[in-house]
Amino acid sequence: MLVDRFERPFSDLRVSLNEACNLSCSYCHLEGGAMTKGDLTAEEFERIGRLAARCGAKYVKITGGEPTLHPEVVDIVRRLAPHFEAVSMTTNGTTLRRLAGLLREAGLARVNVSLDTVDAAAFRALTGGGEVDKVRDGIGAAIEAGLHPVKVNMVVLKGVNDDRITEMEGFCAEVGAALQLIELHTDRGNAFGVPFRGSFHSLADTERALAERAERVEIAPQHHRRRYFVPHQVEVVRPFGNSDFCSACHRIRLTADGKLKPCLMRTDNHVDIIGPMRNGATDEELLELFVQVNDLREPYWPDPVEGEAARRAVDRPEGLPRLRVL
Ligand code: SAM
Ligand code: SF4
């Protein structure tokens, strides 16, 4: 088991399969990845997963880009599954009608499907042309396939969908999915180019209201996220400027171009693993790279940042061009 300098164990590996996506969400940080196309093979993902498990990782989450566009996604799930207690995925859901059953059979346990609004026009605008019905159908397919839980990720944006939380709660309760409300986030200085100032909507009031309504509240070990049972499950994810969130981060990431990444918010401290692997490094040498990256883990927000200080932290003017690989 690897534990970092801040007493945070490494229990969760988050693997980016690709940077490619069939949607273009206006706020997307693409997992803070290098904007390069990945070309790792299923065997390479498996080997890195197996080594992460030897370091104590119990869970692996597959992401991207849109991971279900990776031609070997089912094989990758199948190869990772034996090494972990659970394999999960976050997806935009557009391909789940075709893939949910195959992924379940390959060993996928649960899934997060991103859906910020069920309104067709608003969804189209937010995703650069996406069809909401495909995602709704994908959520249905995931539930039918037995993936559990199916969580709907809703990034709440000022003036876009902040008045649609109740509607989304109703949708989730009806289909039998949990709802995960996510605050928009970005790095200090907003190098990711997220349209932050105009779009950030605090979930503080929503969370207070949930706390009053809830029959029961759980605090998840990962990131100390609060889960409110009202009675259906609504989870609130508030990373921005949140030292409590960072204090309970148990993750190491793998970028699509084969770098170990100690923190979503940082692009300056990646540790290359695919290079040494392709140059013939032994398992023991590669495990050393996990030790190295674990030593680099540190809370991005060591102190709470609120109000004006938070706004100053994101001081990059909006409207700058963003690099995308589609
Ligand atoms: N394409 C997949 C999807 O949409 O789920 C996986 C990748 S996406 C980057 C993973 C999650 O990050 C999605 O739920 C997305 O809504 C969320 N996300 C992306 N950019 C974000 C941002 N700036 N702030 C908050 N959440 C964000
Ligand atoms: Fe980003 Fe996912 Fe939207 Fe694609 S679907 S643009 S990866 S949030």
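**Group meeting: the sheet, its central strands and two buried residues**

Let's start at one end of the sheet: strand 11, residues 259-261, pairs with strand 12 in the antiparallel sense, over two bridges. Within that pair, Leu-260 sits opposite Val-271 of strand 12. This is a predicted model, by the way.

Now the whole sheet. It is open, with twelve strands in the order 7-8-9-6-5-4-3-2-1-10-11-12, and the pairing is mixed. Strand 7 (216-219) and strand 12 (271-272) are the edge strands, each pairing on one side only.

Two helices to point out. Helix 3, residues 96-106, packs on the sheet and touches strand 3 (86-91) and strand 4 (108-114). Its direction makes about 150° with that of strand 4. Helix 7, residues 204-213, also packs on the sheet. Helix 7 touches strand 6 (178-183), strand 8 (226-229) and strand 9 (233-237). The angle between helix 7 and strand 8 is about 45°.

On to strand 1, residues 12-16. Which strands pair with it? Strand 2 does, in the parallel sense, over five bridges. Strand 10, residues 251-254, does too, running parallel with four bridges to strand 1. Two bridge partners to look at: Ser-16 with Thr-63 in strand 2, and Leu-13 with Ile-252 in strand 10.

Is strand 1 enclosed or open to solvent? Five of its five residues are buried, so strand 1 is largely enclosed by the rest of the structure. In a regular strand, side chains alternate between the two faces of the sheet. Here, both faces are covered. Asp-12, Arg-14 and Ser-16 are buried on one side, Leu-13 and Val-15 on the other.

Next, Phe-45, in helix 1 (residues 42-54). Phe-45 is buried, because its relative accessible area is 2% and the cut-off is under 20%. Its contacts beyond four places in sequence include Val-15 and Ser-16, which brings us back to strand 1. Others are Leu-17, Leu-40, His-70, Ile-76, Leu-80 and Leu-254.

Last, Glu-66. It lies in the loop between strand 2 (59-63) and helix 2 (73-80). Glu-66 is buried, yet has no salt bridge. How far away is the nearest side chain of opposite charge? That is Arg-98, at 8.9 Å. What Glu-66 does have is a side-chain polar contact of 2.7 Å with Thr-91. Beyond four places in sequence, Glu-66 is in contact with Asn-18, Ala-20, Cys-21, Asn-22, Thr-91 and Asn-92.

Definitions and conventions. Residues are numbered from 1 along each chain as its sequence is written. Chains are lettered from A and ligands numbered from 1 in the order in which they are written. This is a predicted model: local features need pLDDT of at least 70, side-chain atom pairs count only at pLDDT 80 or more; totals for chains, interfaces and linings use all residues. Side-chain values use heavy atoms; hydrogens and water are left out. Two strands pair if DSSP finds at least two bridges between them. Contact means heavy atoms within 4.5 Å. Axes are lines fitted to C-alpha atoms, for helices over the stretch in contact, and angles run from 0 to 180 degrees between N-to-C directions. Buried means under 20% relative accessible area, exposed over 50%, partly exposed in between (1.4 Å probe, protein chains only). Lys and Arg count as positive and Asp and Glu as negative; His and the chain ends are not counted. A salt bridge is a side-chain nitrogen of Lys or Arg within 4 Å of a carboxyl oxygen of Asp or Glu. A polar contact is a pair of N or O atoms within 3.5 Å; within protein, one must be able to donate a hydrogen and the other to accept it, and residues adjacent in sequence count only if both atoms are side-chain atoms.
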